[in-house]
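Hi there,

Here is the structure I promised to pass on. Have a look at it first, and my notes follow below.

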Amino acid sequence: MKFKKATTTLLAASMLATSLMAGTLTVQADNAKEIAVMVPSADHGWTGAVLTYAQEKVDEINEEGTYTAKVYAATDVENQIQQVDDLLSNTDSLAGIVILPYDNGLQSTLEKIAAADVPFVQFDRVINSEVIDAKVVANVKGDNEGIGYETAKRFIEDGLTKDDYVYEMIGDNSSVPELRSKGFRTYLQEQGWSDEEIDAVVVKSAATGWSRDTGKELFESWFGSAQCDPSKNTWIFTHDDEIAMGVLESLNGSALDAGKKEEFLKTFKSLSASSGLAEIYAVLKDKHQTIALPETYDLFSVTYDPAMIKEAVDVMIKHLNGDTDIEQDYVIPVSVVDSENVEEYQPFGTYEEK
């Protein structure tokens with residue numbers, strides 16, 4: 001599936017009709033219940049793009065007028081918990097909640113939403129419990145297992161063997177990285193790898209927090225350690241484009257030991273990423289300002305479009321409008337993007353290409 005930015009269709013037959021329609025929408029909005037769209041606050045990266053797309057969708061809903069909508073951007077776990085508590089204090093005005101949980105610490109809060117009989121959709125990060133699973137309208141997410149699965153498939157196609165080394169740079173300790181890791185292992189198992197063989201090859205980093213800077217720090221620490229052995233073929237599986245950009249910046253900078261880097265690049269086979277960041281697409285197009293498209297190793301990114309938040313809100317609206325044919329496990333497929341097909345895909349964010 002290729003994701004495109006959603007567009008808003010403006011309906012107007014005449015100046016008079018437009019005025020009348022606007023008046024009608026105002027009356028509807030005054031009496032409409034609210035759809036709360038709850039996401040972590042961020043000004044960059046994938047989460048920042050989610051916030052931007054969430055606001056675009058909220059604006060569309062408010063313009064249409066059947067429901068009101070508002071974005072709640074949480075600065076931390078406690079802030080998101082408080083936001084939910086505030087909403088549940090007045091459920092009479094609440095139509096439903098679409099939430100990207102800040103982290104797994106939201107379990108009891110999501111159970112409060114379920115107990116209050118407020119319809120809710122989880123987006124991206126899925127928290128499970130008997131209470132939550134019994135009431136959640138849908139868990140809308142990209143195919144996190146598919147990201148790991150497609151990454152392992154690409155690595156195998158490019159020659160990954162049981163004598164090699166895979167450095168897996170995880171995002172955090174939530175369900176998202178767990179699923180990506182699971183998908184990676186699943187494909188290797190399908191190729192006849194045992195759990196012991198996988199564990200001997202795949203080594204995980206500490207959590208990067210989805211941060212480019214943290215990813216760079218962890219990569220450089222790993223590179224300087226004995227774990228990084230240039231005599232072995234090395235493959236790096238990152239969970240996000242920002243993390244991969246940190247690795248690319250490090251490899252193209254001067255922080256690494258020059259001699260070891262020269263040897264490492266002879267046996268470095270692939271760097272994988274995920275999401276669709278405009279900057280990494282610029283690298284794939286060989287139009288980045290400072291980082292050239294790698295010639296000695298494979299670089300690719302698996303789609304995980306932040307615009308999926310709009311689809312999550314649409315699922316909530318379908319439910320509120322009486323649609324009973326909604327899959328609770330609502331998974332959006334992924335695609336592999338590389339230098340051959342990058343022009344076919346819409347990135348998120350901005351980057352001034354050269």
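Helix 6 (residues 144–157) lies across five strands, namely strand 6 (165–169), strand 8 (234–238), strand 9, strand 10 and strand 12, and runs at about 155 degrees to strand 10. Please keep in mind that this is a predicted model. Helix 10 (residues 241–251) also lies across strand 6, strand 8, strand 9 and strand 10, with an angle of about 145 degrees to strand 9.

The strands under discussion belong to an open sheet of six, in the order 7-6-8-9-10-12, and the pairing is mixed. Its edges are strand 7 (202–204) and strand 12 (336–337), each of which pairs on one side only. If you want to trace one pairing by eye, try strand 9 (residues 268–275) with strand 10 (residues 298–303): they pair in the parallel sense over six bridges. In that pair, Ser272 stands opposite Phe300 in strand 10.

Now to the pockets. The largest pocket has a volume of about 540 Å³. It is lined by 24 residues, and those closest to its centre are Thr47, Arg125, Asp172, Gly209 and Trp210. Two elements, helix 2 (45–64) and helix 7 (175–190), give two or more residues each to this lining. Helix 2 provides the largest share, three residues. What is the make-up of the lining of the largest pocket by class? There are eight nonpolar, nine polar and seven charged residues.

Happy browsing, and best wishes!

Definitions and conventions
Residues numbered from 1 in each chain as written. Predicted model: local features only at pLDDT ≥ 70, side-chain atom pairs only at ≥ 80, totals over all residues. Heavy atoms only, no water. Pairing = 2+ DSSP bridges. Helix = DSSP H or I, 4+ residues; strand = E, 2+ residues; numbered from the N terminus. Contact = heavy atoms within 4.5 Å. Axes fitted to C-alpha atoms, helices over the stretch in contact; angles between N-to-C directions. 1 Å grid on protein atoms, 1.4 Å probe; cavity = no way out; pocket = protein on both sides within 12 Å on 5 of 7 lines; lining within 4 Å. Points joined across faces, edges and corners; volume = space filled by probe spheres on them. Nonpolar A, V, L, I, M, F, W, Y, C, P; charged D, E, K, R; others polar.
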